[in-house]
Amino acid sequence: MAKKESETGFSLIELVVVIVVIGLLAVAALPKFLDVTDEAKKASIEGVAGGYATAVLSARAQWEAEARPQVTIGGQGYNSVNYDGVDFWLTRAKDSSGNSTGFRDGYPLSVNSGNRYPTSLTDSACILLMENLLQNPPKVGTTTAAGNDSDVQYSAQADNAANTCTYVQQEGSTAHQFVYELATGQVTVTLQ
């Protein structure tokens, strides 16, 4: 008669206990993981907005250091500066007649391409501002482009009446955003 060898391994009860313990650990850890992810998204937009605000002030400081250079078009002087190799149009407080424009002097308004001073604020101008003010900008596009391209990290939307560029973070389901107010140069972050 052959001798029966004993089988080794885990019993069904031991496997069930291990699965239950792993499930309990997962339930306890998941909310902490989700909270860390949300905090990372908040830190990301705060970092981008902080870099944007610093670049706005740096462009203005360079304009001041260069004795407020202007470009003359049609007899009118328009504030302009070359910041980090890119020519920018800057806001101006008074027009050529001395009337108030509602802006403070020297904040980035648009990229100077073609030597035409902008007459309105557009989504494209807001996109160009982010792409050219920041050293390593995240991918930014219009609201439509952000809906069609998952690589777009921020959507840019201009509000010509309020003179603002609003940048909305596209990662996940959050609606974190920051707003650049061209009239004052202020950058404000809103966490949702």
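**Entry 1: the pocket**

I began with the lining of the largest pocket, which consists of 13 residues. Phe103, Leu109, Tyr117, Pro118 and Thr119 lie nearest the pocket's centre. I note here that the model is a predicted one. The space in this pocket comes to about 230 Å³. I then sorted the lining by residue class: 6 nonpolar, 6 polar and 1 charged.

**Entry 2: the four-stranded sheet**

Next I traced the sheet that holds strands 1 to 4. This sheet is open, its order is 1-2-3-4, and the pairing is antiparallel. I looked for the edges and found strand 1 (70-73) and strand 4 (108-111) there. Each has a single partner strand, so one side of each is left without a neighbour in the sheet. I also took the turn between neighbouring strands: on average 40°, with direction ignored.

I went through the pairs in order. Strand 1 pairs with strand 2 over 4 bridges, in the antiparallel sense. I picked out glutamine 70, and its bridge partner in strand 2 is asparagine 79. These two strands make a hairpin with 2 residues between them. In the turn I checked glycine 74, and its phi is positive, about 60°.

Strand 2 covers residues 76-83 and strand 3 covers residues 86-90. I find 4 bridges between them, again in the antiparallel sense. For tyrosine 83, the bridge partner I find in strand 3 is valine 86.

**Entry 3: helix 2 over the first sheet**

I asked myself which strands helix 2 lies across. Helix 2 takes in residues 123-133 and lies across strand 2, strand 3 and strand 4. I noted its angle to strand 4 as about 95°.

**Entry 4: the five-stranded sheet**

I moved on to the sheet of 5 strands. This one is open too, with the order 5-6-7-8-9 and mixed pairing. Strand 5 (140-141) and strand 9 (186-190) are the edge strands, and each pairs on one side only.

I looked at strand 5 against strand 6 (residues 154-159): the pairing is parallel, over 2 bridges. Valine 140 stands opposite tyrosine 154 of strand 6. Helix 2 turns up here as well, packed on this sheet. I list its contacts as strand 5, strand 6, strand 7 and strand 8 (177-181). The direction of helix 2 makes about 130° with that of strand 6.

At the other end of the order I checked strand 8 and strand 9, which pair in the antiparallel sense over 5 bridges. Here phenylalanine 178 stands opposite valine 189 in strand 9. The hairpin of strand 8 and strand 9 has 4 residues between the strands. I looked up glycine 185 in this hairpin and found a positive phi near 80°.

**Entry 5: the disulfide**

Last, I asked how many disulfides a search of the whole structure finds. The search gives 1. Cysteine 126 is joined to cysteine 165, with an S to S distance of 2.0 Å. What do the two cysteines tie together? Cysteine 126 belongs to helix 2 and cysteine 165 to strand 7 (residues 164-169), so the bond ties parts that are 39 residues apart in sequence. I then took the torsion about the S-S bond: it is about -80°, so I log the disulfide as left-handed.

**Entry 6: helix 2 once more**

I pulled the notes on helix 2 together. Helix 2 lies across strand 2, strand 3 and strand 4. On the five-stranded sheet, helix 2 touches strand 5, strand 6, strand 7 and strand 8. Through cysteine 126, helix 2 is also tied to strand 7.

Methods. Residues numbered from 1 in each chain as written. Predicted model: local features only at pLDDT ≥ 70, side-chain atom pairs only at ≥ 80, totals over all residues. Heavy atoms only, no water. 1 Å grid on protein atoms, 1.4 Å probe; cavity = no way out; pocket = protein on both sides within 12 Å on 5 of 7 lines; lining within 4 Å. Points joined across faces, edges and corners; volume = space filled by probe spheres on them. Nonpolar A, V, L, I, M, F, W, Y, C, P; charged D, E, K, R; others polar. Pairing = 2+ DSSP bridges. Axes fitted to C-alpha atoms, helices over the stretch in contact; angles between N-to-C directions. Contact = heavy atoms within 4.5 Å. Disulfide = S-S within 2.5 Å.
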